[in-house]
Amino acid sequence: MTAAEVAPHAVTSPSAQAAVVIDSASMTYVVRSIRPAPRHETFRARLSRAGSGVEISHLEALKPLSLVVEHGESVGVIGTNGSGKSTLMKLVTGQLAPTSGSVYATDTPIMLGVNAALVPQISGEDNIILGCLAMGMSRAQADAKFDSIVELSGLKDSLHLPLKAYSSGMASRLQFAIATSVDPEILVIDEALNTGDAQFRERTRQRINVLREQAGCVFLVSHSLGTIRDMCTRAIWIERGELLMDGTPEEVTGRYQEYAGHMGKKHDKKAADLREKCRSELVRTKIVWNDQRSPSSATP
Amino acid sequence: MNTTEDTGDSGTRTIALDRNGLIRVGARPSLWRYLRQIWEFRSFVLFDSKSRIAGGNSTNSLGQIWLVLNPILNGATYFFVFGLLLGTGRGIENFIAYLIIGVFMFRFTSSAITSGSKAIISNRAVVRAFSFPRATLALAVNVRELMVQIPAFITMFVLILAFPPLEIVSWKWLLFIPLVAVQFLFNLGLSLILARLVTRFNDVTNLITFGTRIWLYLSAVFFSIDRFADHPTILFIMHLNPMYCILEIARDSLLYDTWPDPNRWLVLGAWTLVLLVVGTVLFWQAEESYGQEK
């Protein structure tokens with residue numbers, strides 16, 4: 001970590017372009033669980049186990065990771081279940097504070113998650129207004145956006161129903177329409193498109209392209225490699241809490257497909273070799289701040 | 001343990017950045033700015049509380065009628081148990097109205113802090129999707145509880161006028177408005193503290209049920225404090241109970257046509273101020289953590 005390491009091929013990127021900067025952020029969860037009682041346990045041992053039977057374990061979901069995403073990029077995020085993709089997205093939106101490191105962005109990111117239901121008891125119409133207000137619009141602005149959100153959601157006929165009556169696909173359409181109505185600078189979509197039908201996918205693709213043209217930046221987590229190739233300009237592969245690949249969607253999804261094939265056939269050795277290969281080829285990002293100080297922690 | 005820069009020729013790429021224009025994601029603003037943000041989200045607060053009143057009772061077929069029915073049934077139970085069976089009401093002038101005020105006013109606080117303490121955990125989906133000052137959720141719950149109480153308070157007035165003896169309706173009845181305003185702020189302060197605790201330790205929810213129960217028994221809802229006239233210590237402690245102060249102010253002005261003791265206002269005001277300040281600071285300190293799953 002010395003100047004010698006930094007100096008040789010430092011690429012200075014004007015920060016006007018960087019939309020999201022992940023500066024060696026890591027995440028370790030503290031999880032409470034019920035401790036399993038050993039099968040043959042003496043009475044005394046049972047007493048000595050602290051009475052609550054609740055155990056605290058530490059789970060390293062994400063190892064320190066650095067990444068810079070620029071305006072106009074849409075980044076596909078892939079990885080097997082439990083690899084840390086969603087954790088990374090939660091760090092990007094600020095829903096979780098990283099255990100170490102920091103995440104910076106030019107604007108407040110908007111999250112589009114799987115559990116699309118916002119407030120299940122109230123109607124779709126009310127959810128639209130509520131969502132807009134929660135993003136900081138005034139009531140007048142929310143009313144002005146209302147029609148275009150209804151239009152984008154394509155749910156005109158069911159908006160008077162409470163959200164709990166919606167199918168998961170309908171609910172995610174509604175949330176997508178709400179979330180993108182502000183033209184967010186940074187949008188994070190976490191598997192929210194899986195429930196959508198072909199028509200909705202097409203609308204989503206168009207909307208994402210529009211956002212990108214407006215110099216927004218989109219993160220897209222999906223298990224559908226087709227979707228990633230279709231909608232993204234860049235892809236990253238996260239496995240076991242660490243970044244393995246960062247490149248074009250074609251390269252990354254191709255390599256990932258190979259890996260998934262090995263895993264599916266239980267060729268653990270081949271899979272491990274592939275992981276090792278990616279790890280050695282990966283060009284890691286190291287972030288230095290021009291004035292030696294990281295951005296101020298509070299909003300200006 | 002993790003393989004870093006030492007891996008052969010490819011190594012690392014260093015990116016130098018200016019910090020202009022970048023802000024730390026999810027960062028907690030200064031307290032002053034936080035309060036200003038809450039004010040900027042006032043239409044969110046109002047809309048959230050309004051839209052949920054309609055939605056909240058839609059699962060019961062009697063709907064909003066329960067808002068009024070619930071305290072009436074409660075009052076009837078207490079009247080039966082304490083008034084008739086145990087006779088705690090003996091010697092209390094106008095006991096039915098005394099009890100009605102106790103039950104309705106206590107219920108305002110108990111239901112406000114019970115739902116207020118769950119302001120974050122029952123709104124995870126909204127908290128996850130959008131970033132807005134989270135205290136607005138606790139505020140919205142309390143505004144909602146206030147709006148919900150209005151029909152209940154009207155019922156209360158009708159009931160105490162309906163049961164004999166007839167009360168004198170005087171200008172002192174107007175004291176009820178500042179009283180409810182102060183009680184609202186009191187509830188809000190307590191909700192903010194409890195919401196932070198419940199979000200951190202879910203177990204607290206169990207204690208809140210228990211705590212409000214004890215508080216109910218200790219606040220002279222269905223007995224008179226006069227029975228402790230010989231015990232100055234108990235009397236002193238009772239006078240420090242903010243709920244007792246609320247009930248006493250309401251009863252004095254509505255039932256007995258007397259000006260409430262200024263000490264009651266003083267104690268209640270002090271509690272409210274302390275809870276509000278402590279609650280706001282405590283809640284704001286954990287602002288970055290409310291999105292976390294437990």
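**Exercise 1.** In which helix of chain B is the place of Asp252(B)? Determine also whether Asp252(B) is buried or exposed.

*Solution.* The model is predicted, so local features need pLDDT of at least 70 and side-chain atom pairs count only at pLDDT 80 or more, while totals for chains, interfaces and linings use all residues. Residues are numbered from 1 along each chain as its sequence is written, chains are lettered from A and ligands numbered from 1 in the order in which they are written, and side-chain values use heavy atoms, with hydrogens and water left out.

Step 1. Asp252(B) lies in helix α10, residues 242–254 of chain B. Helices are DSSP runs (H or I, at least four residues), strands likewise (E, at least two), numbered from the N terminus.

Step 2. Buried means under 20% relative accessible area, exposed over 50%, and partly exposed in between (1.4 Å probe, protein chains only). Asp252(B) counts as buried because its relative accessibility is 14%.

Step 3. Contact means heavy atoms within 4.5 Å. With neighbours within four places in sequence left aside, Asp252(B) is in contact with Asp257(B), Thr258(B), Pro260(B) and Asp261(B).

**Exercise 2.** Describe how helix α7 of chain A is placed, beginning with its buried residues.

*Solution.* Step 1. Helix α7(A) covers residues 198–213, which is 16 residues.

Step 2. Its buried residues are Phe200(A), Thr204(A), Arg207(A), Ile208(A) and Leu211(A). Seen down the axis of α7(A), these fall within an arc of 100°, so they line one face of the helix. The arc is that of the directions from the helix axis to the C-beta atoms.

Step 3. On the other side of α7(A), Ala198(A) and Glu213(A) are exposed.

Step 4. The buried residues of α7(A) pack against α5, α6, β7, β8 and α8 of chain A.

Step 5. After α7(A) comes Ala215(A), whose phi is positive, near 65°.

**Exercise 3.** Identify the residues with the most contacts inside the largest nonpolar core.

*Solution.* Step 1. A nonpolar core is a set of buried Ala, Val, Leu, Ile, Met, Phe, Trp, Tyr and Cys residues joined through side-chain atoms within 4.5 Å.

Step 2. The largest such core has 72 residues, and Trp237(A) and Phe130(B) have the most contacts inside it.

Step 3. Not counting residues up to four places away in sequence, Trp237(A) touches several residues, including Ile78(A), Leu244(A), Tyr256(A) and Cys278(A).

Step 4. Apart from the largest core lies another, of 55 residues, among them Ala140(B) and Leu275(B).

Conventions: Expected span 1.5 Å × (residues − 1).
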